Amino acid sequence: MMILRPIQQNDYSALLKIAHESGHGFTSLPLNEELLQKKIDHSVSSFAKQTSQPGDEGYLFVLEDSETGEVVGTSAIEAAVGLDDAFYHYHLSKVIHSSRTLDVYKAVDILTLCNDYTGATELCTLFLKDGYRKNCNGKLLSKARFMFIKQHQERFAQTVIAEMRGVSDENGSSPFWQWLEEHFFSMDFPTADYLTGIGQKVFIAELMPKYPIYVNLLSKDAQAVIGKVHDNTRPAIELLKSEGFTFNGYVDIFDGGPTVEAKVDNIATIRNANDFNVEIGEMTGDTMVLLANEKLNDFRATVTPMTFDERAKSLILSQEIADALHLQAGDIVSATTI
């Protein structure tokens with residue numbers, strides 16, 4: 001059984017392995033032991049914190065194989081981005097160059113540096129080990145975060161975003177960054193990506209061009225990857241699109257990858273999940289259902305086959321499933337088909 005739960009202090013070595021495996025472009029898990037420990041500490045304190053509005057909290061989850069005890073993936077939620085450090089994007093838009101006298105009309109794409117998503121809730125740090133990218137593990141790792149947001153909406157903003165990994169090769173080279181490096185930074189992509197991941201963002205404000213960039217002045221390779229995702233990220237963005245997330249022209253300032261957004265009330269899992277009373281008994285049926293308890297620092301979620309009627313007032317869970325979700329008969333469980 002796969003269980004998603006909040007990260008704990010003793011998960012450090014597992015998180016370090018995931019940071020090694022995730023590779024270039026995975027900014028939110030820098031390969032820095034001190035910072036990884038700080039991320040765990042911050043997450044533990046965030047789950048324990050009492051608050052009624054989004055702030056600097058960061059909620060880091062891990063996916064655990066209950067049979068082996070191995071941590072096989074991670075995902076996270078940042079309650080509100082950009083409150084302490086500036087949160088940068090490029091916004092892709094158009095300007096019109098026209099002259100009636102010369103009978104010229106031309107629409108030109110431009111990239112403008114902005115901080116438009118300041119205060120938004122961010123989905124981040126999604127990674128699943130190779131051998132576990134099957135069944136419903138990826139869906140559990142991603143969608144369980146929506147169940148957590150549903151249970152604790154006062155802790156999150158009304159706008160939820162996700163920065164998707166942009167195009168780069170096996171050496172970490174990004175066509176989009178190559179153009180910026182050549183003209184403004186003199187720093188390779190893995191270095192810039194790492195510095196951002198460890199919180200050293202001041203160089204962005206110091207070196208990034210302040211005026212809009214005309215897209216047609218970029219190299220053809222750079223133009224081709226604006227708003228495109230890394231091959232490994234395609235399943236993640238398709239899942240978010242199915243949840244109601246849309247691309248509104250915001251791209252990452254390093255690799256040009258798209259940022260997608262949705263309002264909380266429009267996210268499918270949040271909209272469709274219902275609360276049920278727990279009954280303990282024998283489980284039957286083969287409908288794949290996402291289950292989550294309503295707890296905070298003891299949050300648990302899983303996906304399991306079962307008989308499911310969204311109109312019912314209760315759900316029958318086996319003792320094994322109830323124990324895994326830290327539930328007893330009479331407790332409330334949130335559930336939706338996956």
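Two strands are said to pair if DSSP finds at least two bridges between them, strands themselves being DSSP runs of E with at least two residues and helices runs of H or I with at least four, numbered from the N terminus. On this basis, strand β9 (residues 246-251) is joined to β10 by three bridges, and the two run antiparallel. The model is a predicted one, in which local features need pLDDT of at least 70 and side-chain atom pairs count only at pLDDT 80 or more, while totals for chains, interfaces and linings use all residues. Residues are numbered from 1 along each chain as its sequence is written, and side-chain values use heavy atoms, with hydrogens and water left out.

Within the β9 and β10 pairing, phenylalanine 247 stands opposite valine 260 of β10. The two strands form a hairpin with six residues between them, and glycine 256 in the turn has a positive phi of about 75°. β10 also pairs with β7 in the antiparallel sense, over five bridges, and here valine 160 faces alanine 262 of β10. Strand β10 (residues 258-263) is largely enclosed by the rest of the structure, because five of its six residues are buried (under 20% relative accessible area, with a 1.4 Å probe and protein chains only; exposed is over 50%, partly exposed in between).

Turning to the loop before β7, histidine 152 lies between α3 (137-151) and β7 (159-163). Its relative accessibility is 8%, so histidine 152 counts as buried. Not counting residues up to four places away in sequence, histidine 152 touches Glu294, Lys295 and Leu296, where contact means heavy atoms within 4.5 Å.
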